[in-house]
Structures are given as structure tokens and as C-alpha cells.
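Colleague: I am new to this structure and would like some help reading it. Could you take me through it step by step?

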Amino acid sequence: LAMLRSCALFQRVGIPRTWQRVHTTGTRCITRAYTQPAVFEGEFRIVQQGGPRTPLGTWGSILKPVLFTVAGVTSACVTAEYLLQKRMLDKYAPLSPPSRASRPSPSDMSISGRLRRWWGQYSDSSKTIACIIAANTLVFLAWRIPARVPGIGSAMSRYFLSHTHNSRVLPLLLNNFSHVTPMHLLFNMFALYSFGKPVHDAMGREHFLSLYISSGLFSSLASHVFRLVTLSSAYSLGASGCVCGIIAACTYLYPNSRMSIILLPFFSFDASSGLAGLVVFDTLGMLGVYNRLGLPLNLDHAAHLGGVATGGAYMYAFKHYLPSIRTKMLRSQLEKRRALAQR
């Protein structure tokens, strides 16, 4: 898996703060500094220089991102558990008979009926992951809108790039849907689809989305704090923090499953060994080993490790703590529904 990361099959990119033109050579992202205004030219993307970085330890640099991350993760987990319990109650103890109006009729040959039948033939996991991929693709296309459209470029830079001198906290979430190049987007989404389906089947749609959001928030926070501590002036964006959380959750569920690398299909390894290799790879990157060896990979290693830690912790809580809490709450709700039915 470390070799997979070195080939940049899924990555989160750190971009220096100066004006830059970002392009790709093979699968590696390369950055070059320029002085002209931020514009888009085909496959080239130029990122605007930021203002002075907020000092370490102030409200805007540390406390606000931490509070936003904790509030976002807590809200996502609570909402996911509430929706899951509601879905279970509606399925096994409905207050009213299930409606058949939403099911498309086979005789309905309208465009909407055909679309509903086409969409209904896919599994829940495929639908959920397809929506996530669509959201990432829309943001990627938004970066390609010409700079002559007023306000679009500046809005994207304000809200879809994470950097230490930005007092806004919303980019901690939105930068997880932002990608630099088509290859950057393609490999992240391919990894999400590969590892996401078994995790979705085990957790359900509600907690899968909560895991995705939580991994993205904590990975962005880890990257933000690491850049503050190391006085780094880099931007960060990409969905690989979310993907690393999904990979860690998949490894927790199926530690002995066999994996292989696309470029090396004859070489396989178990999931736990692959995750360990990923952790070692990113730990060495955080320590600056690759830069000393003359191999600047331009990856956000702190975000990857934050995503892995979040995915493992979330899946552990989902398997060991939530079932007992869910059982008590479902029993209470069932008693209330039975009391209402007897009236």
C-alpha cells in the first residue's frame, strides 16, 4: 500500500502559498511559482497567494478549528445514529402501513419513470458512493470555470482550500471535495469506490456518510495543526483524508483480506500489513525523510494519518459501543410505539 501511495493513486496535495502553477508529470503533482494573477489555463491551475499567517495559539488558528471539528463530528455521528434507528423502527415497527406510491410502475414509460427504474437497480452502497463522486466532480469542474466569471475563483480559493492564514473554518470540511488535477480526482475516487462498498454494506448509509465526514474533518484538523507547528505556508486539499478513514475502517472489518496494487497485480498482501505500511510511509513523510532524500512527494502526510486514526476509532466505537446504546434506545422507542398503537 505504501508503494500505491508513492505512485499517488490516492493523495492529498499540499500547495505552497505563493502564486503557483500546478501541473502533472505522470501521476505526481508538481508545483512551480509564478507571479501573475490566479487564472486557469487548460490543465494548469494557479493558486492565489494568501495573506499573513495567523500566529500559533490564537483563537483563529487553533481553538476555532478544534471546536468546529468536534461540533461537526459530533453532529454527524448523532444524526447518523438517529436516522439509522428511525429507519430500523420504520422497517420493523411502522406507525402506518408502508406506502407503495414511491415505487416506479413497470408500465410507466415516462422519462422520470425510466430514470427511477434505472437508479433503483443499483445497490445502496453504489448510490451513496456515486453521489459522493458526483459532488467531488462538481467541485473539480468549478475550479475550471474561467477566471473572467466574477467572484467564482475567489470564492473557490476562500472556501475550498485549507490554509493556516484563513480565519474561516468551513474550508476544513469543503477542501475534502476539492482536487487539483483529473488524475488526482480519478485515483481518490477509485480508492473510495474500491474500499467504500464493503464498509457501506457493514455500516449502512447513515454511518458511512458520518465516517466520511468525520475522517475529512479530523484529517483537515491534523493537517492544519501540523502546518502551524512546523510553520508551513502550504495549502491543502483533496479527499484522501476521507479515503484513508475508509481504508482504516475496511481493514478493521476485514484485516486478512488480500489486496494488490494496480501496477503490480502479481504482488499481494493482507489488509493489515497494507495499512501498517501506509502508516509507516506517512510517518516518515511527516518526519521529512523523503525531503532529505531528495524525493519531495508533495503529499499531506498529517492528513493521511489523521484520516487513518479517525477511521479506526470510528469503526471500533461502531462495533463495540454503539450496539448496546442502540439496543436500549430502540427498546424505549418500541415501547412508545406500542403504547401509541394500543390507543
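Modeller: Gladly; we will go through cysteines, aromatic rings, a charge over a ring, and then the hollow spaces. Please keep in mind that this is a predicted model.

Colleague: Let us begin with the cysteines. How many disulfides does the count come to?

Modeller: The general idea first: a disulfide is a covalent bond between the sulfur atoms of two cysteines. In this model the count comes to zero disulfides.

Colleague: Why is there no bond between Cys-242 and Cys-244?

Modeller: Cys-244 holds the cysteine sulfur closest to that of Cys-242, but the distance is 9.3 Å, too far for a bond. The cut-off for a disulfide is 2.5 Å.

Colleague: And is Cys-242 buried or exposed?

Modeller: Cys-242 counts as buried because its relative accessibility is 2%, and buried means under 20%. Cys-131, at 47%, counts as partly exposed.

Colleague: Now the aromatic rings. How should I read a pair of them?

Modeller: A pair of aromatic rings is described by the distance of the centres and the angle of the planes. Here the count comes to four aromatic pairs. One of them joins Phe-177 and Tyr-212, with 6.1 Å from centre to centre and 50 degrees between the planes, a tilted pair.

Colleague: Where in the chain do Phe-177 and Tyr-212 lie?

Modeller: They are 35 residues apart, so look in two places: Phe-177 is in the loop between helix 6 (171-174) and helix 7 (182-203), while Tyr-212 is in helix 8 (residues 205-229). This pair links distant parts of the chain. Both partners count as buried, Phe-177 at 18% relative accessibility and Tyr-212 at 3%.

Colleague: What about Tyr-252 and Tyr-316: why is that pair called edge-to-face?

Modeller: Their planes stand at 90 degrees, with the ring centres 6.4 Å apart, so the pair is edge-to-face; the cut-off for that label is over 60 degrees. Tyr-252 belongs to helix 9 (residues 240-253) and Tyr-316 to helix 12 (residues 301-320), 64 residues apart, and this pair too links distant parts of the chain. Tyr-252 is partly exposed, with a relative accessible area of 32%, and Tyr-316 is partly exposed at 39%.

Colleague: Which residues do ring pairs link into a cluster?

Modeller: Tyr-252 and Tyr-316 are joined there by Tyr-321.

Colleague: Which ring does the charged end of Arg-168 sit over?

Modeller: The ring of Tyr-159, with the charged end 5.4 Å from the ring centre.

Colleague: Let us move on to the hollow spaces. Which residues line the second largest pocket?

Modeller: The lining is made up of Arg-87, Lys-91, Asp-124, Ser-125, His-200, Asp-201, Gly-204, Arg-205 and Glu-206. Helix 2 (59-92), helix 4 (124-143), helix 7 and helix 8 each give two or more residues to this lining. By type, the lining has six charged residues, three polar and no nonpolar. The pocket holds about 340 Å³ of space.

Colleague: And how many cavities of 30 Å³ or more are there?

Modeller: The count comes to two. The largest cavity has a volume of about 70 Å³ and a lining of 12 residues. Nearest its centre lie His-163, Asn-166, Arg-168, Leu-172 and His-224. You have already met Arg-168, whose charged end sits over the ring of Tyr-159.

Colleague: What types of residue does that lining divide into?

Modeller: The lining of the largest cavity has five nonpolar residues, six polar and one charged. Helix 2 and helix 6 each supply at least two residues of this lining.

Definitions and conventions
Residues numbered from 1 in each chain as written. Predicted model: local features only at pLDDT ≥ 70, side-chain atom pairs only at ≥ 80, totals over all residues. Heavy atoms only, no water. Buried < 20%, exposed > 50% of the residue type's maximum accessible area, 1.4 Å probe, protein only. Phe/Tyr/Trp six-rings, centres within 6.5 Å; stacked < 30°, edge-to-face > 60°. Helix = DSSP H or I, 4+ residues; strand = E, 2+ residues; numbered from the N terminus. Lys NZ or Arg CZ within 6 Å of the ring centre and 35° of its normal. 1 Å grid on protein atoms, 1.4 Å probe; cavity = no way out; pocket = protein on both sides within 12 Å on 5 of 7 lines; lining within 4 Å. Points joined across faces, edges and corners; volume = space filled by probe spheres on them. Nonpolar A, V, L, I, M, F, W, Y, C, P; charged D, E, K, R; others polar.
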